[in-house]
Amino acid sequence: MRTVTLMRTVTLPIEILRTRPQAVFWTATLVQALLWLLVPSLFYSAPPGDLADVISVGREMKFGSELGPPLAFWLADFALRAAGGHMAGVYLLSQLCIVAAYFAVFQLGRATLGERHAVLAVLLMAGISFFTIGSPDFGPDILMMPLWAFATLHLWRAVGEDKELYWLALAVDFWLMLLTSHLSLLLLAVIVAFVIINPRARKAASNAAAGMAAVTIGCMILPSVVVIQQYGFGLAPNLDKLRSFEAIDQNIIAWVKLIALVAIAHAGAGILIVLASNLARIKRDEAAAVTGGTDSPFARLFIYTFALAPLLFVTVFAVISGRPGLSGIPPLLVLSGLAIVALAGDVIMLHHQRILTFAWISLLLVPPALVTAGVLLLPAVFAADLRTAQPADDIARFFTDSFERRTGRRLEIVAGDPRLAALVAVASASRPRVLHGPASEKPQLAQRQDATEKGAVVLWRATDSAGTPPPEIKAQFPDIVPEVPRAFERALAGRAPVLRIGWGVVRPQTSAATQERQ
């Protein structure tokens, strides 16, 4: 009796993934980066999120602020200057961070699960919103993504492959992380706990290179402690609240909400998982098998540990410190794709191959298209006041020119509404410093005396035809004389009302000659 072997049907994209995984990785990664570079560069008329504040802080070159260590802020300001004042430089920096994070994940996946499974993990990351829609908003979280990804990669080289020199590479990773975010202290605690608890990791750390890395990291922690003491980390004032049952209930609810937001961010990856695993049981079809490399229990334990432990530890810390937001969470998700692939086993069967390919391409192309349509159409059709649709260049040019014509001085200080002031600080050719109100939680980049001596433009959202300043601005600048409000058109005219900005000028008390002598 003759045995008949049935050949499985494999679509061309899946076959390319199986035979040329590295080419698939670079193509997918670079296409995604190019899309999220072009969309904000071409269609955003103002920086997204808190990016304007990040650049404003970076201009001051201060070693730390209320927002944390300085490296991300310095790099944002450098990228803006290197691009000749164009935001495209900062958007390019963001995408370079994403590409670097993907590369580190791919290398870790190759070393632990095999090259094909490493590609699957990176492709899943396209379904996690923090790495796509949120990527243009550069800041400490974006910079921490590649740093943490490389830290886990170098830790694996040191622990999983017994390469001692990688302990020094891990030390360099943490030097940069300590200069980027206080989150690095929590991640360092997770790594130390893993090395102490796991026998294999503990044995691998018994060498001179690991000792040198520990000493150098310990020295780098000292500046971080100084910054924390000066600006605070937000944990101590909330410890007393943990003693009440009401606070415990509130913390549990806040933690569940935070985990739910993290799960929602994985919605795209969830769609790919459902299609690939045929969980919906839509129809019977042939599946393509994607095999991994060596099946190492320690490798899977390593991936699970650093995909879950930092997330659980940091989210709990965020809740009990009274800051249950998503700040600091995105870098912790760089191993989500690897953890999902590791959980799937050594042989992964990909069902609905054509639908799966179409779904992944849709996850790659649809979000940029929706963001572009939103920026262009939401203000025009639904009168939405999107931050990214504010005419930053026009606002900065008008108020910079107005101040210089009236005073004969270069605009050096801008104050008032935090968002408007930050836009002028970033988009103005004179790059003025931002003076925040005394009750503001934002870093104070200038002093009231600076505005008195050098002059300033004070901005606010106009609510009447006279341009009456809000009470808090009137209290900060009691002698301010409001000018006629200035109206700015949106990038795409429509139903959205014009952006009406009230303003006033604080005239400088020192003469131009005095300024030249200084």
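These are my notebook entries from a walk through this structure, which is a predicted model.

**Entry 1: the whole chain**

I started with the overall counts. The protein has 518 residues, and 51% of them count as buried. I find 21 helices and seven strands in its secondary structure. Next I looked at how far along the sequence the contacts reach. Taking contacts between residues at least 6 apart in sequence, 76% join residues at least 24 apart. The accessible surface comes to about 24100 Å², and carbon and sulfur atoms own 64% of that.

**Entry 2: helix H5**

Does the length of helix H5 agree with its residue count, and what span should it have? H5 covers residues 88–112, which makes 25 residues. At 1.5 Å a residue I expect 36 Å, and the end C-alpha atoms are 36 Å apart, so the two agree. I then checked how covered H5 is. Of its 25 residues, 18 are buried, so the helix is largely enclosed by the rest of the structure. Just past the end of H5 I noted Gly-114, which takes a positive phi of about 105°.

**Entry 3: Tyr-102**

I picked Tyr-102 as a residue to follow inside H5. Is Tyr-102 buried or exposed? Its relative accessible area is 1%, and the cut-off for buried is under 20%, so Tyr-102 counts as buried. Leaving out residues up to four places away in sequence, I listed what Tyr-102 touches: Phe-25, Thr-29, Gln-32, Val-122, Met-125, Ala-126 and Phe-131. One of these, Gln-32, also makes a polar contact with Tyr-102, side chain to side chain, at 3.0 Å. I also took a distance to Met-145, which is 43 residues from Tyr-102 in sequence; their C-alpha atoms are 9.1 Å apart.

**Entry 4: Gly-127**

Then I moved to Gly-127, in the loop between helix H6 (115–125) and helix H7 (140–159). This loop residue is buried, with a relative accessible area of 6%. What does Gly-127 touch, not counting residues up to four places away in sequence? I get Ala-265, His-266, Ala-267, Gly-268, Ala-269 and Leu-363. I also noted Ile-271, which is 144 residues from Gly-127 along the chain, with 8.2 Å between the C-alpha atoms.

**Entry 5: the five-stranded sheet**

Over to the strands. What order do the strands take in the open sheet? I read it as E4-E3-E5-E7-E6, five strands with mixed pairing. E4 (433–435) and E6 are the edge strands, each pairing on one side only. On average, neighbouring strands in this sheet are turned by 30° against each other, direction ignored. Helix H17 (residues 392–407) packs on the sheet and touches E5, E6 and E7. The direction of H17 makes about 25° with that of E7.

I went through the pairings next. E3 and E4 run parallel and are joined by three bridges. One pair there is Ala-415 with Leu-435 in E4. E5 (residues 456–461) and E7 run antiparallel, with six bridges. Val-458 stands opposite Gly-504 in E7. E6 (residues 486–488) and E7 are antiparallel too, with three bridges, and Arg-486 has Ile-501 as its bridge partner in E7.

**Entry 6: how covered the strands are**

E7 (residues 499–506) is mostly covered, as seven of its eight residues are buried. For E3 (residues 413–416) I checked each face. In a regular strand, side chains alternate between the two faces of the sheet. On one side of E3 are Ile-413 and Ala-415, on the other Val-414 and Gly-416, and all are buried, so both faces are covered.

**Entry 7: Asp-450**

Last stop was Asp-450, in helix H19 (residues 448–454). Is Asp-450 buried or exposed? Its relative accessible area is 15%; the line for buried is drawn at under 20%, so Asp-450 falls on the buried side. Setting aside neighbours within four places in sequence, Asp-450 is in contact with Ile-413, Arg-433 and Gly-455. I had already met Ile-413 as one of the buried residues of E3.

Methods:
Residues numbered from 1 in each chain as written. Predicted model: local features only at pLDDT ≥ 70, side-chain atom pairs only at ≥ 80, totals over all residues. Heavy atoms only, no water. Helix = DSSP H or I, 4+ residues; strand = E, 2+ residues; numbered from the N terminus. Expected span 1.5 Å × (residues − 1). Buried < 20%, exposed > 50% of the residue type's maximum accessible area, 1.4 Å probe, protein only. Contact = heavy atoms within 4.5 Å. Pairing = 2+ DSSP bridges. Axes fitted to C-alpha atoms, helices over the stretch in contact; angles between N-to-C directions. Areas by Shrake-Rupley, 256 points an atom, 1.4 Å probe, with all protein chains shown as cover. Polar contact = N/O pair within 3.5 Å; in protein donor to acceptor, adjacent residues only side chain to side chain.
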